[in-house]
Amino acid sequence: MNHPVAPDTTAAPAIPPDATPVMAQYFAAKNSQPDALLFFRMGDFYELFFDDAVRAAELLGVALTKRGKHAGGDIPMAGVPVHAAEAYMAKLVRQGVKVAVCEQVEDPAEARKRGYKAVVRREVVRVVTPGTLTEDNWLDARGANRLAAVAVRQGRAAVAAVELSTGDVESLVCDREDLGALLSALRPSETLAADRLFADELVSAALKAAGGAVQPMAAALGEVSAAEARVRRLYGVETLDGFGEFAPAELSALGLIAAYVETTAPGKRPALKPPRRGAESEFMAIDPATRASLEIERAQAGTREGSLLACIDRTVTSGGARELAARLARPLLDVEAIDRRLDAVAWLLERRSLRRDLRERLKGSGDMARALSRLALGRGGPRDLGALRAGLRAGVELKVMAGAVKEPLDGPPLELSRALIAMTPSDGLAVLLADLEQGLDEELGQNARDGGFVRAGFRPELDEARGLRDDSRRVVAGMEADLQAQSGAPLKVRHNAVLGYFLETTARHAEPLMRPPLNATFIHRQTLANQVRFTTVELADLDARIAQAGERALAIEVETFEIFRERVVAEAGAIQAAAEALAVLDVAAALAEWAEEMGAARPALDRSTVFRVEAGRHPVVEAAVKRDGQAFTPNDCGLDASGESCARLAIVTGPNMAGKSTFLRQNALLAVLAQAGSFVPARAMRLGVVDRLFSRVGAGDDLARGRSTFMTEMVETAAILVQATHRSLVVLDEIGRGTATYDGLAIAWACAEALHETNKARTLFATHYHELARLEERLDHVCNLSMKAKEWNGDLVFLHEAAPGAADRSYGVQVAKLAGVPAPVVARAREVLDRLESEKAAPARLDDLPLFAASAPPPAAAGPSELDRALDGIDPDDLTPREALEALYRLKGLRA
């Protein structure tokens, strides 16, 4: 759990009476954000002082200097250039440090109007934390960046989550025991919790398991009435009735988020969707251990590569990638909703040409959701307007492409139809799109203050200012020629810093200009030894206009940007709907593309307790073996919690490396894919929806909490036995290892019985305790499966086939040989194994083994048998049919 790293001394010094005006501003800003590093804007640098400077120098590797005195000592100072500040802030945030940005919010010219000693006003305009990031260069474009809040009231927990970069807001209520599973599904970058909750062991464990930064909040911020008021203020509404009826815990959690947003983005109102209220009964529950074991979104190394998500992701947009990740993280329980997703995938799977065209057009659609969020928070730029233009334009074209399909009886299914409707711009949005098309240049910069993004011809006054700014020499030359013709004198237009633009001529030619009627036009400015200088009203006006043209052009562009920004925010709801529709279309097309690549089948879902897979394949492992040019061996699997169609619990035995773990994980992942709304890599699948998925595959310790591997396994097993229901799917691998043999066997036996008799959950139970195979005879709905392997010439060949029946051996010594264990050790292991297997009281007779036998040389390899020599002497290509038949009889005789 990454707690935010705070400075060593969080409290800033009190504002001393002799502080300079600038330092008084610093003290006031620092006191408003005592737990953040304060980036204090001074000209072209952000400066940090006191302990902030010391801490920043340590974390960023910048120089630590001194400036001025305070309380008799030097003031430590460090700084970073404004143009490079984002990179430094990102580095701090990645280390869990909060950063407060104190900006100059007043033009220096305005400040000077209050007196030459006046300083520009400064305010904290933003607090940068992991969960409140919106900038593209700080975020994973294909991953969510959520800020979550946890509250517990009346024994019930609530989690509120907001993704500021897209405006998505959720509110979910759950039991305290399910808090870990819910948080692990959301994977928040930062989680808020009232400080009193850290004393609750269950909540504290859930916060730790969720990962990301954890921010303690004052418990008073979660008080229900105050929290509700803050949420209303965040949405700008008088009542929350239009959003539904919230439980007290939900209001507390939403209130914590509202308070944090007010603090981190003061004066800004993000473009948020109404809170989407969910329930624990809406999604498949997957606890953190299961999520890590199955590597759904992240491999166990912590990277995206090697995960189920990375394996199936064929999306072409950032929004689509985030939507796919959200679906895999929280598979649905509603059969009708799942079928709607599957209908969309099936429809596009059948239309390869249309799917190809849609995916090609989606590639340039931009990330509208995040662009909108940045614009609403005042952090956006011209490129964000460009992203909206590209996305809205793509939506219109995609609607036309899908509408061109002439199938009146087989139009797009409901999910796609809704998406296409959402892509159709309203009248206001259509006008906005037209103006963006007409007003924005093709090449757009990052910042509005850099200018150059408004297309020529969109605003005539801007064209005039640009022309004057860019063509000043031509304009001046034209005026010079006009004045020469008017005066008849060889006038030259000159410029200096004191007079600006002026006319210059010789004293002889200047005399007529100072007499009527020309003196009414030419105004004398200065007389030098050989030259006389004049100006005119037009030249003075041109001088001012040229001087101001660049500033005016930039001001017009910034004004244009602000007008566009306000119009975008006014259409936020429609833009968010269009962005969501693009993501839905991208996911459906991507899953159809993957299904075609994999030869995947549509699963049949219902409300039964059946789990039946024909020729199922592990999607990640299959992709890996295909890259190596090998084939994956598919396997069937059948479970039924009722015991009517097949067994409720399957005991899976077989050698190490034969594929037991792959078989277990494979079936769990097929359930995740099916309920996420994806086709599955199998010939066929029928699935009664799984309410909770548990996977205990692989072992790991938890040294930070003082837990051994065995203790960790027992804690996770206990959670399964307490929470699993008859609608759950449980996969367990080698329960009971890590302790004495009989202890482990007893635990495994008791767990299997409990899952069968008490939980009645559909269960795959892999073990090396072959004694468990007897459960098939003792319990009503248990079957045995074994992963097949064969010995060939002393070597072990894995067939990776799951077949009925129990394995007779574990082949551990053969696997040790394959792993490269030295030959003397393998030979000694064979000797010990033979002795143990030949004597029933083996544990008591180990002392009878000869001493130092481990150092004995391995037995000599056996020479080829007579059968082997006979086979070597046969060349099948040279045999006639009769000779081949005779050879076969001869070999059969040798074998006998």
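**Exercise 1. How many residues are in the hairpin that joins S14 to S15?** Determine also how these two strands pair and how the sheet around them is arranged.

*Solution.* The model examined here is predicted.

Step 1. The hairpin between S14 and S15 consists of 3 residues.

Step 2. Across this hairpin, S14 and S15 run in the antiparallel sense and share 5 bridges. One position that illustrates the pairing is His-495, which faces Tyr-501 in S15.

Step 3. On the sheet as a whole, the strand order is S14-S15-S17-S16; this is an open sheet of 4 strands with antiparallel pairing. Strand S14 (492-496) and strand S16 (523-527) occupy the edges with a single partner strand each, so one side of each has no neighbour in the sheet. From one strand to the next, the twist averages 40 degrees.

**Exercise 2. Establish the surroundings of strand S15, beginning with its pairing to S17 and ending with its burial.**

*Solution.*

Step 1. Strand S15 (residues 500-506) pairs with strand S17 (residues 531-535) through 4 bridges in the antiparallel sense. Within this pair, Leu-503 has Phe-534 of S17 as its bridge partner.

Step 2. Next, consider the helix that covers the strands. Helix H21 (residues 537-570) lies across S14, S15, S16 and S17, and its direction makes an angle of about 140 degrees with S15.

Step 3. Burial is judged by a relative accessible area under 20%. Of the 7 residues of S15, 6 are buried, so the strand is largely enclosed by the rest of the structure.

**Exercise 3. Describe the sheet that contains strands S1 to S6, and identify its edges.**

*Solution.*

Step 1. The order S3-S4-S2-S1-S5-S6 defines an open sheet of 6 strands with mixed pairing.

Step 2. Strand S3 (65-70) and strand S6 (122-128) are the edge strands, each pairing on one side only. On average, and with direction ignored, neighbouring strands are turned by 35 degrees against each other.

Step 3. Inside this sheet, strand S2 (residues 45-49) and strand S4 (residues 73-81) run antiparallel and are joined by 5 bridges. Leu-48 has Ala-78 in S4 as its bridge partner.

**Exercise 4. Which residues of helix H6 are buried, and against which elements do they pack?**

*Solution.*

Step 1. In helix H6 (residues 201-210), the buried residues are Val-203, Ala-206, Leu-207 and Ala-210.

Step 2. Viewed down the axis of H6, these residues fall within an arc of 100 degrees, so they line one face of the helix. The general principle is that an α-helix has 3.6 residues a turn, so residues three or four places apart point the same way.

Step 3. The packing partners of the buried residues of H6 are strand S7 (147-153), helix H5 (179-186), strand S10 (190-194) and strand S11 (213-217).

**Exercise 5. Characterise the overall form of the protein chain.**

*Solution.*

Step 1. The protein chain contains 31 helices and 27 strands. Its radius of gyration is 37 Å, well over the 29 Å that the globule rule gives for 896 residues, so the chain is more spread out than a compact globule.

Step 2. Taken along the principal axes, the C-alpha atoms fill a box of roughly 135 × 75 × 65 Å.

Step 3. Buried residues constitute 49% of the 896 residues. The exposed area is about 41500 Å², of which carbon and sulfur atoms supply 53%.

Step 4. Among contacts with a separation of 6 or more, 68% are between residues 24 or more positions apart.

Terms used
Residues numbered from 1 in each chain as written. Predicted model: local features only at pLDDT ≥ 70, side-chain atom pairs only at ≥ 80, totals over all residues. Heavy atoms only, no water. Pairing = 2+ DSSP bridges. Axes fitted to C-alpha atoms, helices over the stretch in contact; angles between N-to-C directions. Contact = heavy atoms within 4.5 Å. Buried < 20%, exposed > 50% of the residue type's maximum accessible area, 1.4 Å probe, protein only. Rg over C-alpha atoms; globule rule 2.2 N^0.38 Å. Areas by Shrake-Rupley, 256 points an atom, 1.4 Å probe, with all protein chains shown as cover. Arc of directions from axis to C-beta.
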